[in-house]
Structure formats: structure tokens, C-alpha cells
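Grab a coffee and open the viewer: here are a few exercises on pockets, a cavity and a helix pair. Try each task yourself before reading the solution.

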Amino acid sequence: MSIELKNISMKFKDTMAVNDLNLTIDSGKLVSLLGPSGCGKSTTLFMLAGLYEPTEGSILFNGKDVTKVVPEKRNIGMVFQNYALYPHMSVLKNIAFPLRMAKVGRKESMERAVQAAKLVEINHLLDRKPGQLSGGQQQRVAIARAIVREPEVLLLDEPLSNLDAKLRLTMREEIREIQQRLKITTLFVTHDQEEALSISDQVVLMKDGHLIQHGDPRDMYDLPNSRFVAEFIGSPTINVVTALNEAEIKELVPHIGAARFHSMAVRPEDMVISSSGLPVRVGLVEKIGKDVLVTVEHTSGQRFKVFVPKHTVFNQDIVHIQARRQDIHLFDNQGQRTGDVHEIS
């Protein structure tokens, strides 16, 4: 099912939670709503679910206006952050509950619940109660319950936030596999940019109720349209140059030419230790799995984080760093991307 949000706004008393949001989601895609706390991503999801009615604008499913349609008539499945399982019911009855509420016969409800359980690989847990399950197992029950009605849209509100790091990784991969298998249009709310970038067809980055950038995860990482996007996307955070003079910038980025910009940023993996360039003092050396991340500091106080080959040995305190001009990002005084770095002369 395709989804279109037209000039959607949601105001709570004096707070504009979502401000004039326009967004189109193609059928069968997994789209992440990403952003810091309070940016409006969950509010947007709740409007899609029908739990909130927008103050302004309209919501279309396959071209049909559903703005005022009640949740149970929207053919959606939803997974909440806290799972919202019924503690007194077995796993099987929890999964079948939406079907029973929809007046589906008991036999058919149970058969479809078993099939949904098999899809998320918890069919061996059907007789247990939620209190007897791990966090990951409870999450699977919630997903099975959401998909048992064969919805056309699946809405996930920070579904992995209560899980440990290893289980989060496993579950996000499984959510993606299930979504692709069912070919179901899915919206995934998260504040974790690694989650969003890893499993999404498209990412919608929001801030203060506004859509800041929307597109392919790779493009958002490589071509941020603003300094906010550049700093929000990527771990470790992008290096923003704030303390260097013009001569020092030319040491850091040879052949930068006469580029006009207010601020410049470069990602840690796009900087290299070289025989010439900007002189910096080696500080903290962190071994992060297969990667080695080095923090270096210039005499101006400007710090940079730089990824280096894992067997790098520093025989001296002072080294030189450089970046290629095609790998830097330039922003104007409003924080917006300025020009194309390939056009620098």
C-alpha cells in the first residue's frame, strides 16, 4: 500500500509536534522515521495509525483519504515500544487476539496465529505466558500479533529500544527479513541512526516537527543537505572544522581553492595520516573491533577523529592529516549545504 501525507500538522495546545509534513511512501518499502527525542516521529506514526487526528492536512492510503477513518478500519498492524502483551493470556491467544476481536472464528484464528508464530519462529512457545519469555521473544510475539491480520501497513514504534545491543542487531535483521518476505509497507520509528541506515529503503530525518531530509540512506550519509544532517548521521560523529584559519584549512585539504563556505565537515574515515598536511598531536587511540579510531588535536584546539589501519604504530607524537576535497562537506551560515565540493576550483 502506498502512503501519502499532505501538509500534515499536529498541534498540542501551544506545541506544534509536526509542522506541515509532506511525504510519499511507495508500496512495499521499509521507511524509517529518524530523529532526536521530541522531533515528531512517533506523533507522525500515531497519525498514520489513526490514534491522533491531524490538526491540518490529509493522509491517503492508495490514494484514498483516511484522515478521519478509525484505526480498526485502516488495515494496519502496530508494534509498540512496550509490546503491550496481555500477561494473563498465552502466546497463542495473544497473537490470535486481533482476529477474535474482528469476529474471526476460533478455529481460523488459531490456525492463522500458529502460522504467524512460525513466521517469527516462536511456534514452540505458544503455551507460555509473556512473563515466561525473554525480551526478544516478547518482541516476536508483538510482531506476530501485528501481522496476523495480514495488514497492508506495519507500524513499528521504537520496537527495539528495550533490548540489549546484541539482540537489537538480531531483531532488526529479522524485522527486515519479515518485511521483505511479506512485501508489506512498513514505517519504523527509531532514534538510532545505525538502525535506520542499516535496514531501510528510505530514511526520513525529522527535527522540531519538520522533515529535514528524506531519501536513500547512503545518499543521506554521503550528501547531507545540512550541517544538522551531517552531524546527526554517522558514528563516530563527523568532524566539523571550527578553529582553523584559511592557511590551515589548505594544509588539511590540499587544492581546496577559493571555496566559499561558513563551515566545513569531514568524516573520520575520509581523513588520512600522511607525510604532509595539517600537523596534529596524537591523543586517544581506541580499538573498536576491527577499526582503530585516533583522536588528534591541532594547536588551535581543534580536534579530529580519524580512522587508521589496525596495525598503525605511532612512533612520534606529531603526525599530519589530510582530506581530499571531494570528501569534504561545505555549509553556509544557515547550516545548509553550499554548492558541490566537486565544483571547488
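**Exercise 1.** By class, how many nonpolar, polar and charged residues does the lining of the largest pocket have?

*Solution.* Keep in mind that this is a predicted model.
- Start with the space itself: the largest pocket has a volume of about 590 Å³.
- Next, the wall. There are 19 lining residues, and those nearest the centre of the pocket are Ile 76, Met 78, Phe 80, Pro 98 and Arg 149.
- Now sort the lining by class: 13 residues are nonpolar, 2 are polar and 4 are charged.
- Finally, see where the wall comes from. Strand S6 (76-79), helix H2 (91-101) and helix H4 (135-147) each put at least two residues into this lining.

**Exercise 2.** H2 and H4 turn up in that wall, so look at the pair: work out how their axes are oriented to each other, and what makes the contact.

*Solution.*
- Take the axes: those of H2 and H4 come within 7 Å, with a crossing angle of roughly 30°.
- Angles under 35 degrees count as roughly parallel, so H2 and H4 are roughly parallel to each other.
- The hand of the H2 and H4 crossing is right-handed.
- For the contact, H2 brings Val 91, Asn 94, Ile 95 and Pro 98, while H4 brings Val 141, Ala 144 and Arg 145.
- Sorted by class, this contact has 5 nonpolar, 1 polar and 1 charged residues.
- One residue to highlight is Pro 98: it is part of the H2 contact with H4, and Pro 98 is also among the residues nearest the centre of the largest pocket.

**Exercise 3.** Find the second largest pocket and say which helix gives the most to its lining.

*Solution.*
- The second largest pocket holds about 220 Å³ of space.
- List its lining: Gln 193, Glu 194, Leu 197, Tyr 221, Gly 234, Ser 235, Pro 236, Ile 288, Asp 291 and Phe 307.
- Match that to the helices, and H6 (residues 193-199) comes out as the top contributor, with 3 residues.
- By class, you get 5 nonpolar, 3 polar and 2 charged residues in this lining.

**Exercise 4.** How many cavities of 30 Å³ or more are there, and which residues line the largest cavity?

*Solution.*
- The count comes to 1 cavity of 30 Å³ or more.
- The largest cavity has about 30 Å³ of space.
- Around it sit Glu 158, Pro 159, Leu 160, Ser 161, Arg 168, Val 189, Thr 190 and Glu 195.
- Split by class, the cavity lining has 3 nonpolar, 2 polar and 3 charged residues.

Technical notes. Residues numbered from 1 in each chain as written. Predicted model: local features only at pLDDT ≥ 70, side-chain atom pairs only at ≥ 80, totals over all residues. Heavy atoms only, no water. 1 Å grid on protein atoms, 1.4 Å probe; cavity = no way out; pocket = protein on both sides within 12 Å on 5 of 7 lines; lining within 4 Å. Points joined across faces, edges and corners; volume = space filled by probe spheres on them. Helix = DSSP H or I, 4+ residues; strand = E, 2+ residues; numbered from the N terminus. Nonpolar A, V, L, I, M, F, W, Y, C, P; charged D, E, K, R; others polar. Axes fitted to C-alpha atoms, helices over the stretch in contact; angles between N-to-C directions. Parallel < 35°, antiparallel > 145°, perpendicular 65-115°, else oblique. Left-handed = near helix turned anticlockwise from the far one by under 90°. Contact = heavy atoms within 4.5 Å.
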